[in-house]
Amino acid sequence: MRRGAGLPSRTSLLSRRTSLLLAGVLLLAASACGLTSGSPMVDDVEPGSIGQGKPLEGAKLTVTSKEFTEQLILGAIMGIAFQAAGAEVIDRTGIQGSVGSREAVVKGEADAGYEYTGTAWITYQGNSEPIPDPREQWLAVREADRKNGVTWLEPSELNNTYALAMSQANYEKYRTRTLSDVAALSKSDPGAVTLCVEGEFANRADGLPGMEKAYGMDLPARNVTQMDTGIIYTQTAKGACTYGEVFTTDGRIKSMNLVVMEDDKKFFPNYNAAPTVNSDTLKEWPAIAEVLAPVTAKLDNTVAQDLNAKVDVDGEDPHQVALDWMVKMGFVKEG
């Protein structure tokens, strides 16, 4: 599973983001252990380009995240930034499903975590249609969450959304760059466009059927093969299917040298990562915003792919990957 949240349909718009909602609800109903346990982060870090003067000295901050690779890395990045700025940090990253980490911030059981704009807009805030412009989407989410006691800080360019990708060999053969190009190819050479996709993506309005409608495609069923996520990447890289359904920040895109098609009609929702902070915490410690801003500004899809690959491809520890990046970027110094 990649992300957490709601139920299939155009009103949820979150694939594996949505499929973890039930697990999260059960977690909350069964016990609060996922939200109340945690251990101190004990990185030996000092201010680099962030945290000068240790403006969070005296703060005791709890950081949360969901359980998939990218979220574990982002949670560690946030916690390391807080430590460098002088805070004591409790690590409650790795909560199963979106609802657990979200509710922790809402209720003040955690102080902050990185969240995705599309997840909030559709799942938490109950909207049925995404806002195509990433900035407008973030502004709408930020405004809607004020009443929930959650403040959204400035977003990153990191956008963990859906895409179609192809191998370098197939790219050299077909030279498609956008989904409109794929649609044109499906008309000029119908047999050329074969897809490897997840079962959910193949059948949901915000997945393949919606994409086909938006781009004027009409792919025969024989051209679409459903399979597990990991297999999609390997089969696409091998050229077994011309295009595979991918997530835009997945490290396997780079490691397998896949070419991602641009969603030129902006069909898929924006899932930009941004820090979410309990509003009461932010009032008490307003320096949180200035500590995180430079870090968030450096997060984009290329960075995410690189960091995710270190975990998912190379087998490194997510927290160590986060620490190494923070040091490399000069945000913090190791003591």
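A salt bridge here is a side-chain nitrogen of Lys or Arg within 4 Å of a carboxyl oxygen of Asp or Glu. By that rule, this predicted model holds eight salt bridges. The close-ups below visit some of them and then turn to pockets.

**Close-up A. Lysine 66 and glutamate 115 form a salt bridge between strands β3 and β5.** The side chains of this pair come together with an N to O distance of 2.6 Å. Lysine 66 belongs to strand β3 (residues 60-66) and glutamate 115 to strand β5 (residues 112-116), so the contact ties together parts that lie 49 residues apart in sequence. If you look for these two at the surface, note that lysine 66 and glutamate 115 are both buried.

**Close-up B. Arginine 102 pairs with aspartate 145 in a salt bridge.** Here the closest N and O atoms are 2.7 Å apart. The pair links distant parts of the chain, with arginine 102 in helix α5 (residues 98-107) and aspartate 145 in helix α7 (residues 134-145), 43 residues apart. Arginine 102 is buried, and aspartate 145 is buried too.

**Close-up C. Glutamate 154 and arginine 135 meet in a salt bridge.** Their side chains have an N to O distance of 2.7 Å. Glutamate 154 sits in the loop between β6 (150-152) and β7 (162-166), while arginine 135 is in helix α7, and the two are 19 residues apart. Are these residues buried or partly exposed? Glutamate 154 counts as partly exposed because its relative accessibility is 43%. Arginine 135, with a relative accessible area of 38%, is partly exposed as well.

**Close-up D. The largest pocket has a volume of about 420 Å³.** Its lining is made of 22 residues, and Asn159, Thr161, Thr248, Asp263 and Asn301 lie nearest the centre. Strand β7 and helix α16 (301-312) each contribute at least two lining residues. By residue class, the lining of this largest pocket divides into 10 nonpolar, eight polar and four charged.

**Close-up E. The second largest pocket has a volume of about 200 Å³.** Helices α16 and α17 (318-328) each supply at least two residues of its lining. Among the residues to find around this second largest pocket are Val303, Leu307, Val321, Trp325 and Met329. Asp306, Lys310, Glu316, Asp324 and Lys328 also line the second largest pocket. Its lining comprises five nonpolar, no polar and five charged residues.

How values were computed. Residues are numbered from 1 along each chain as its sequence is written. This is a predicted model: local features need pLDDT of at least 70, side-chain atom pairs count only at pLDDT 80 or more; totals for chains, interfaces and linings use all residues. Side-chain values use heavy atoms; hydrogens and water are left out. Helices (H or I, at least four residues) and strands (E, at least two) are DSSP runs, numbered from the N terminus. Buried means under 20% relative accessible area, exposed over 50%, partly exposed in between (1.4 Å probe, protein chains only). On a 1 Å grid over the protein atoms alone, a cavity is a set of points where a 1.4 Å probe fits but cannot get out, and a pocket is an open set with protein on both sides within 12 Å along at least five of seven lines; lining residues have an atom within 4 Å of a point. Grid points are joined across faces, edges and corners, and a volume is the space filled by probe spheres set on the points. Ala, Val, Leu, Ile, Met, Phe, Trp, Tyr, Cys and Pro count as nonpolar, Asp, Glu, Lys and Arg as charged, and the others, Gly among them, as polar.
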